[in-house]
Amino acid sequence: MNQDPLIIAGRKFRSRLWVGTGKYKNFEETRNAIEASGADVVTVAVRRVNITDNKSENLLDYLDPKKYIILPNTAGCYTVEDAVRYSRLARAAGVSDLVKLEVIGDERTLFPDTAGLIEAAKILIAEGFVVLPYTNDDPIVAKKLVDIGCPAVMPLAAPIGSGLGIRNPYNLKIILETVNVPVIVDAGVGTASDAALAMEYGADAVLMNTAIAGAKDPLMMATAMRYAVDAGRLAFKAGRIPRKLYATASSPIEGML
Amino acid sequence: MLAYPGSSEIFCQYLFMKIVVNGEQHEAEGPLTVAHLLQKLNLRSEQVAVEVNLKILDRGDFPTWNLHDGDKVEILSFIGGGSPA
């Protein structure tokens, strides 16, 4: 779908499926699953390096930065201060100003702390970051994030890693009507139909990790997700027929005996 | 604590110092730059971010940034992550 690129803050993205790099068995499986997904954006976390094991490999050895856009996240940050610190470290460790901003509110749900998110986003935008915020399925918060300068919003479908699919399709639809920036459904997707549905609603992209990495066959699921996102996007652009309560015959009556 | 590696004119003091790297105590002989430390740890500077006493360094400063006794150094890198666990 190269004729239909996703554009965020002037950057062009080839794929509308974005993937995380966590929870895989090893770097090789990570690389192969990402390859199968067709994604060109991969999210990564920022952590202390292992300094006791000299031979430990680096994820970046497996992800060609010429091929993939590395999108660091602030996963695991529960305060504005931490999220800002990790964003700055991510910028220092990488090559771009992109950050997937997460300010997590609670360990059990991993729902975003949206008040903290807005505060952290303001600070980072002032420092020149391109902030892609992981947010709740709340249209008001999404609007506020756009108003302060986020070039896209990333509302969740369901709690991270839950596989529940889109829990609030009506809110998602309102978000899509409310904001004038790309909407990337992030977190909670369970299977291909969830991803297709998000795209059929008009989401601009879908980001997932666990649904692929946690599948029995991650490579096969990565392929399924690739098709699902493409199919959902095409269906959205093609324009579905309206739902009706009663039948409409497809075959003409004329010519019957 | 004055240490100017590479300079022949200036007094170069070799010091025994203790630094904390990623939360672990390390003993090292000074002078020691951030770039030297990364080299010792077999880390590639283009793959890491370095914070010294809560200040994030520019990658370009690694070769000239001298570490001092008591410094707290954090070395971070990208790892697999999501939608996080």
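A residue counts as exposed when its relative accessible area is over 50% and as buried when that area is under 20%, with partly exposed in between. By that scale A:Lys25, at 69% relative accessibility, is exposed, whereas A:Glu29, the residue with which A:Lys25 forms a salt bridge, is buried at 12%. The structure discussed here is a predicted model, and the points below take up the interface of chain A and chain B, the salt bridges, the strand pairing, and two buried residues of chain A.

**The interface of chain A and chain B**

- On the side of chain A, 39 residues are in contact with chain B, and 31 residues of chain B take part in return.
- The area buried between chain A and chain B comes to about 2900 Å², and carbon and sulfur atoms give 59% of that area; A:Arg48, A:Val49 and A:Ile51 supply 22% of what chain A buries against chain B, which is more than any other three residues.
- The rule finds 13 residue pairs in polar contact across this interface, counting pairs with both residues at pLDDT 80 or more.
- The elements of chain A that give two or more residues to the side touching chain B are strand E4 (41-48), strand E5 (69-72) and helix H2 (80-93), and the largest share, seven residues, comes from H2(A).
- By residue class, the side of chain A that touches chain B divides into 19 nonpolar, 11 polar and nine charged residues.
- Strand pairing also crosses between the chains, in that E4(A) and strand E7 (residues 72-80) of chain B pair in the antiparallel sense over five bridges, with A:Ala45 standing opposite B:Ile79 in E7(B).

**Salt bridges between the chains**

- Side chains of opposite charge can pair when their charged atoms come close.
- Across the interface of chain A and chain B the rule finds three salt bridges, while the structure holds 14 over all chains.
- One of the salt bridges in the model is formed by A:Asp61 with B:Arg44, where the closest N and O atoms are 3.1 Å apart.
- The side chains of A:Arg85 and B:Glu51 also meet in a salt bridge, at 2.5 Å from N to O, and this pair crosses between chains, from helix H2 of chain A to strand E4 (residues 48-52) of chain B.
- The two partners of that pair fall into separate accessibility classes, since A:Arg85 is partly exposed at 30% and B:Glu51 is buried at 2%.

**Salt bridges within chain A**

- In the pair of A:Lys25 and A:Glu29, the closest N and O atoms are 3.0 Å apart.
- A:Lys100 and A:Asp186 meet through their side chains in a salt bridge of 3.0 Å, N to O; the pair links distant parts of the chain, with A:Lys100 in strand E6 and A:Asp186 in strand E9 (residues 184-186) of chain A, 86 residues apart.
- Both partners of this link count as buried, A:Lys100 with a relative accessible area of 1% and A:Asp186 with one of 0%.
- Salt bridges that share partners join A:Asp4, A:Arg16, A:Arg233 and A:Lys237 into one network.

**Strand pairing within each chain**

- In chain A, three strands form an open sheet with parallel pairing in the order E6-E7-E8, and the edge strands, each pairing on one side only, are E6 (98-101) and E8 (154-155).
- Strand E7 (residues 130-135) of chain A pairs with E8(A) in the parallel sense over two bridges, and the bridge partner of A:Tyr134 in E8(A) is A:Met154.
- In chain B, six bridges join the antiparallel strands E1 (residues 16-21) and E2 (residues 24-29), B:Val21 standing opposite B:Glu24 in E2(B).
- E1(B) and E2(B) form a hairpin with two residues between them, and B:Asn22 in the turn has a positive phi of about 50°.

**Two buried residues of chain A**

- A:Thr74, in the loop between E5 and H2 of chain A, is buried at 0% relative accessibility, and a polar atom of the A:Thr74 side chain lies 2.6 Å from the backbone nitrogen of A:Glu102.
- Beyond its neighbours within four places in sequence, A:Thr74 is in contact with residues including A:Tyr86, A:Val99 and A:Lys100.
- A:Val206, found in strand E10 (residues 205-208) of chain A, is buried with a relative accessible area of 0%.
- The C-alpha atoms of A:Val206 and A:Ala187, which lie 19 residues apart along the chain, are separated by 8.4 Å.
- Leaving aside its neighbours within four places in sequence, A:Val206 is in contact with several residues, among them A:Arg16, A:Trp18, A:Ile184 and A:Val229.

Definitions and conventions:
Residues numbered from 1 in each chain as written. Chains lettered and ligands numbered in written order. Predicted model: local features only at pLDDT ≥ 70, side-chain atom pairs only at ≥ 80, totals over all residues. Heavy atoms only, no water. Contact = heavy atoms within 4.5 Å. Buried area = accessible area lost by both parts, 1.4 Å probe. Salt bridge = Lys/Arg side-chain N within 4 Å of Asp/Glu carboxyl O. Polar contact = N/O pair within 3.5 Å; in protein donor to acceptor, adjacent residues only side chain to side chain. Helix = DSSP H or I, 4+ residues; strand = E, 2+ residues; numbered from the N terminus. Nonpolar A, V, L, I, M, F, W, Y, C, P; charged D, E, K, R; others polar. Pairing = 2+ DSSP bridges. Buried < 20%, exposed > 50% of the residue type's maximum accessible area, 1.4 Å probe, protein only.
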